[in-house]
Amino acid sequence: MPSIQDPTQARMRPLPNMIFASRWLQLPLYLGLILAQCVYVFHFWVELMHLVQAALGDQHALEILINSIGYEPLTDGPPKLNETVIMLVVLGLIDVVMISNLLIMVIVGGYETFVSRMNLEGHPDQPEWLSHVNASVLKVKLATAIIGISSIHLLKTFINAENYGEKVLMWQSIIHVAFLLSAMAIAMTDRLLSNGKH
């Protein structure tokens, strides 16, 4: 009776082995995204510290905040920390968090899907979505995250609408709708493919 060979122990020919090993070329890309994540964390804390300093009466920190959010006070005189400025800064911080979440999804999900298993089964901190992640699920999750980020940008624009032209408002709305339609198309395609497999 012929022995059954363990597929994990099967030796690959040199060319397929080299092609399969080429997936590790993606590792520097994921490490680069981790560095980008560090930049976002630093940016988040700088903006947060400026907000706290402005709330404590630091006029220079307030001016930095107002310049960073592109807000132009309607009244003359020294700028003040009003509800609109606070809301725009907080929305900017939420935007940073959402982009950071998107980066984590790409780094962890992409590495797990395209490079190597992380063997997180049973780990108490394993992300719930990682247990059933594949390329199509990752695409849908990324599309959903992009819609969330686009929504925050659109909300920031509408709150600060007096500082934007009509064309900017119109095009941001059109682009947001395009993101929505794209995500729906991706989700529908994924569902049709899943039903076809079953």
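This is a guided tour of the structure above, stop by stop, with what to select and what is found there.

**Before you start**

The model is predicted, so local features are described only where pLDDT is at least 70 and side-chain atom pairs only at pLDDT 80 or more, whereas totals for chains, interfaces and linings use all residues. Residues are numbered from 1 along each chain as its sequence is written, and side-chain values use heavy atoms, with hydrogens and water left out.

**The whole chain**

Show the chain as a cartoon, and you will find six helices and zero strands, in the order α-α-α-α-α-α along the sequence. Helices and strands here are DSSP runs numbered from the N terminus, a helix being H or I over at least four residues and a strand being E over at least two. Buried residues make up 27% of the 198 residues in the chain, where buried means under 20% relative accessible area, exposed means over 50%, and partly exposed lies in between, with a 1.4 Å probe and protein chains only. Among contacts (heavy atoms within 4.5 Å) between residues at least 6 apart in sequence, 63% join residues at least 24 apart.

**Helix α2: Glu47, His50 and Val39**

Select glutamate 47, which sits in helix α2, residues 27-55. What is the nearest side chain of opposite charge to glutamate 47? It is lysine 156, 8.0 Å away, and glutamate 47 is buried yet has no salt bridge. For that statement, Lys and Arg count as positive and Asp and Glu as negative, while His and the chain ends are not counted; a salt bridge is a side-chain nitrogen of Lys or Arg within 4 Å of a carboxyl oxygen of Asp or Glu. Leaving aside residues up to four places away in sequence, glutamate 47 touches Leu65, Ser68 and Leu93.

Move next to histidine 50, also in helix α2, which counts as buried because its relative accessibility is 15%. With residues up to four places away in sequence again set aside, histidine 50 touches Ala61, Ile64 and Leu65.

Valine 39 lies in helix α2 as well, but at 55% relative accessibility valine 39 counts as exposed. Draw a distance from its C-alpha atom to that of serine 100, and the two should be separated by 10.0 Å, although these residues are 61 apart along the chain.

**The largest pocket**

Return to glutamate 47 and display the surface around it, for the largest pocket holds about 170 Å³ of space, and among its 13 lining residues those closest to its centre are His43, Glu47, Gly92, Val96 and Lys156. The elements that give two or more residues to this lining are α2, α3 (59-69) and α4 (83-115), and the largest share, seven residues, comes from α4.

A pocket is found on a 1 Å grid over the protein atoms alone, as an open set of points where a 1.4 Å probe fits, with protein on both sides within 12 Å along at least five of seven lines; lining residues have an atom within 4 Å of a point. Grid points are joined across faces, edges and corners, and the volume is the space filled by probe spheres set on the points.

Colour the lining by residue type, and it divides into seven nonpolar, three polar and three charged residues, with Ala, Val, Leu, Ile, Met, Phe, Trp, Tyr, Cys and Pro counted as nonpolar, Asp, Glu, Lys and Arg as charged, and the others, Gly among them, as polar.

**Helix α4 and the salt bridge**

Select valine 90 in helix α4, which is partly exposed at 35% relative accessibility. Valine 90 and leucine 51 are 39 residues apart in sequence and 8.8 Å apart in space, C-alpha to C-alpha.

Which side chains meet in a salt bridge? Those of glutamate 112 and arginine 117 do, at 3.2 Å from N to O, and the count of salt bridges comes to one. Glutamate 112 counts as buried at 8% relative accessibility, whereas arginine 117 counts as exposed at 58%.

**Helices α5 and α6**

Finish with serine 136 in helix α5, residues 135-159, which is partly exposed with a relative accessible area of 24%. The C-alpha atoms of serine 136 and arginine 191, 55 residues apart along the chain, are separated by 9.6 Å.

Leucine 181, in helix α6 (residues 166-197), is exposed with a relative accessible area of 52%. From its C-alpha atom to that of isoleucine 147, 34 residues away along the chain, the separation is 10.0 Å.
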